Amino acid sequence: MASSDSETEQPGLIWELVALSDYRLPSAPTATSARRGLSSLKRLFGRRQPARQGPVKSEDELHRLEPERLDAITSPIDWRPAAQLLQEALEQRSKLDPAWFIISPPAAGYADLLETWAAQQAVACISSPSYAIVAGDNSGWLADLPTDDTPWVLPRLERCWLRHPAGLGLVRALFDRLLSGKLGFGLVGCDSWAWAYLRYVVPTQAVRALTLQALDGERLANWLGQLAAGGSAELAAGSPTNLPTGLPTSLPTSLPTGLPVAHGPRRFRHAQSGTLLLAVNDDDEIGVTSELRYLAAQSRGNPGVALRLWRSRLRSEPDKPEAVEAEADDESDAKASEESGEEAGGKATDKAGGKTDGKAVDKASDKAGDTVGDKAGDETGDRGGDKAGDKPKVETIWVAPAVELELPSGLDEAEALILHALLLHDGLPTKVVEGLLPHARFQTHSLLLQLAAAEVIQSEPDGCWRVTVFAYAAVRSFLAGRRFLVDAV
Amino acid sequence: MDTETINALFRRLDTGALLELTLILVGAVALILLVQKALPWLANRLHGKSRHYLLALVPLLRLIIVIGAFLLAVPTLIEPSLQNMVAIFGSLGLALGFALKDYASSLVAGIVAVGEAPYRNGDWVQIGDTYGEVTYVGMRAVNLVTPDDNLVSIPHAKLWTEPISNANNGSPQLQCTADFYLHPIHDGARVRELLFDVALTSPYLALGEPIAVVAAEQPWGTRYRLRAYPIDARQQFRFATDLTLRAKAELLRQGFRMAAVPARPESAGVSG
């Protein structure tokens, strides 16, 4: 059953299905909140830095990780445990429920969760209609919906409407059929922005809307740790009820393949301060750092956004791309952050790179740097469980400081309309967005390109423009400040 | 009242008193200028209610500053006894009443305008034939910027004689109307649904505010009025344009015919 009570939360549990109204945003550390408040005040009074053209500045000293390596450290989301949780909740559902709606914040990827569940349970997964069908004759698509009692899944309801007088008919007809019980039980995924709008179009209050609880600092630390441990740890570390049984042989395409299941110790250190942020397969126990709490708050508890932001911050040293090093197991971790400011360490500067500013960086990380780097050369060996002497091999990943994208100055109503339309529909192709907005087509097209140049939006492989995960928080805040409708999560 | 009696009312203005008066005057002017510049500047960086509240504060703060400066200056100029006050302000009022009647009327109306707030900065009002956004509420007059971008200054004295039509009354919400004229033979219920959806799907719409479609039968056809609220009052013309264009396109796409009233030459009416 979907939990609506945090007291029922199990320690170590990552995924929790809750009613939409029970979604709790993770709170940022106090210092971070104060810094953000000051920053917004500065913006209000016009003292803003030149707009960044990207979320992350180029770095001279640290290199981004190779895609394969990134996948090995932060494997794509495995939705099987969450799908299992969903199945357990569904087994206790009321037979009177015509459908459950799983509301997904942008880029969270809950549509993949529903597809995973559909694959696990071998139920029909209904493809979204094309935009031509949504705005045109949709009787055929509606007629193809299952009418017997078998459950079905529609992972992307946001693809079934358009903010256009001709674009509301399909979703209304779908709700009519759902609520009249003509379609059997449906599990419907919907983007949170689309859901916020659709309550003015269809009786959303008459159906059950659920979502996965936000990842707070603790959940995020557990989850990232499990991903870094090889992706499989989640299955073992979660509660026994999370263990999938009878998993189908065909798994979702997002699952990593060919990745090692077990790794040696991995440590994630802050590139500026050297602080240990996360350790996996390691004897060291560290609490949830404020950096991870901040990441949870920055991503609004959204796993997709958190993972993308986390991946974008991971770095390795250029001369040691594998960064397999041995760290003294003694007090180095504990002391690293305390002593880093006092120890001269050229190595730290290297690690911090262009991402961070000067002096703090020079002193950064390295106690950790000295400890790690100096010993690394001697002891670099195969990654994983190989042993070099008595010291455990520790793989160190450097985490660049968090950067909050600020929107370019001068964004006005026209840009706001575009961004709002993209969020409401979870992305739109150029032709469609041009047709939905009141501006001349060439003007809309030009604005799309400008926003893309500022990395506020990007064109994705499906041909849709979407707000980037790096800009999402700033865009949401920008739209809320202008009194546009925003989502509930 | 002879010269000596009048002189006795006033204090002797020595250097210290002059300096004090100058400081009060300069201070008051500086504060008023600061309020008049800073608050609108800050308000224009905000949206919604915060903007309106800040803009509406300007005339109120200015009035407080003027009264404060006046109360500080008067004891410096005259002996603050009841007799003296009555004598001075009685004479002053009489002089103003005759010589600057209209000006004084506007000043008094300006104080009433701050108290009663029939218009505030950021409101969209119609005074006489002028419609526009209130950009400045001064001591004597109110400034409106019309949709044609003309600045119109209207004395507050109009308060006494003219109705003031305020479209948003201190809030960001402002109702907009778009009119449609259809051939009388059509499915009215379908038109109502369609016009509702046109408003609902406008990107300017303030969702959660009411949408209304009002129909009225006319000799030449059916008039529909679509009423809805934009997100921000400043979007009203763009919103009305968006409603009009998209509704027209959708009505035509769905086969509705617009009412067409044949134009009649003006002379025909005169001769008839």
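Let me start with confidence in chain B. Its mean pLDDT is 87, and 93% of the residues in chain B reach 70 or more. Keep in mind that this is a predicted model.

Which elements of chain B sit at the two ends of the range, lowest and highest in mean pLDDT? At the bottom is helix α9 of chain B, residues 266–271, with a mean of 50. At the top is helix α7 of chain B, residues 188–200, with a mean of 97. Now look at residues 268–272 of chain B. There pLDDT stays under 50. The model also gives that stretch zero contacts beyond four places in sequence. Where pLDDT is low, the predicted coordinates should not be read in detail. I will leave that stretch there.

Next, the interface. On the chain A side, 23 residues are in contact with 26 residues of chain B. The size of an interface is often given as the accessible area lost when the parts come together. For chain A and chain B that buried area is about 2,100 Å². Carbon and sulfur atoms give 60% of it.

How many salt bridges run between chain A and chain B? Two. Here is one to display: Arg172(A) with Asp197(B), closest N and O atoms 2.8 Å apart. Polar contacts next. The rule finds six residue pairs across this interface, both partners at pLDDT 80 or more.

Now the inside. The largest nonpolar core has 98 residues. Which of them touch the most other members? They are Phe101(A), Leu157(A), Trp195(A), Tyr197(A) and Leu419(A). Helix α17 of chain A, residues 413–424, supplies the largest share of this core, with nine residues.

Take Leu157(A) as a close-up. Setting aside residues up to four places away in sequence, its contacts include Phe101(A) and Trp195(A). Val171(A), Leu174(A), Phe175(A) and Val188(A) are also among them. So are Gly189(A), Cys190(A) and Leu198(A). Another core lies apart from this one, with 52 residues. Leu113(A), Phe268(A), Leu295(A) and Leu307(A) are among its members.

On to the charges. Over all chains, the structure holds 24 salt bridges. I have picked three within single chains.

In chain B, Asp123(B) and Arg120(B) meet at 3.4 Å, N to O. Buried or exposed: where does Asp123(B) fall? It counts as buried, because its relative accessibility is 0%. Its partner Arg120(B) is partly exposed, at 22%.

Stay in chain B and go to helix α7. Arg190(B) forms a salt bridge with Glu193(B), and the closest N and O atoms are 3.3 Å apart. Why do I call this pair one turn apart? Because the two residues are three apart in helix α7 of chain B, they are separated by about one helical turn. Arg190(B) counts as partly exposed, at 30% relative accessibility. Glu193(B) counts as partly exposed too, at 48%.

Salt bridges can also share partners. One network of this kind joins Asp426(A), Glu460(A), Asp462(A) and Arg466(A). Within it, the side chains of Arg466(A) and Glu460(A) meet at 2.8 Å, N to O. Arg466(A) has 13% relative accessibility, so it counts as buried. Glu460(A) has 22%, so it is partly exposed. The cut-off for buried is under 20%, and that is why the two fall in separate classes.

That is my tour.

Notes. Residues are numbered from 1 along each chain as its sequence is written. Chains are lettered from A and ligands numbered from 1 in the order in which they are written. Side-chain values use heavy atoms; hydrogens and water are left out. pLDDT is the predictor's confidence in each residue, from 0 to 100. Helices (H or I, at least four residues) and strands (E, at least two) are DSSP runs, numbered from the N terminus. Contact means heavy atoms within 4.5 Å. A nonpolar core is a set of buried Ala, Val, Leu, Ile, Met, Phe, Trp, Tyr and Cys residues joined through side-chain atoms within 4.5 Å. Buried means under 20% relative accessible area, exposed over 50%, partly exposed in between (1.4 Å probe, protein chains only). Buried area is the accessible area (1.4 Å probe) that two parts lose on being put together, summed over both. A salt bridge is a side-chain nitrogen of Lys or Arg within 4 Å of a carboxyl oxygen of Asp or Glu. A polar contact is a pair of N or O atoms within 3.5 Å; within protein, one must be able to donate a hydrogen and the other to accept it, and residues adjacent in sequence count only if both atoms are side-chain atoms.
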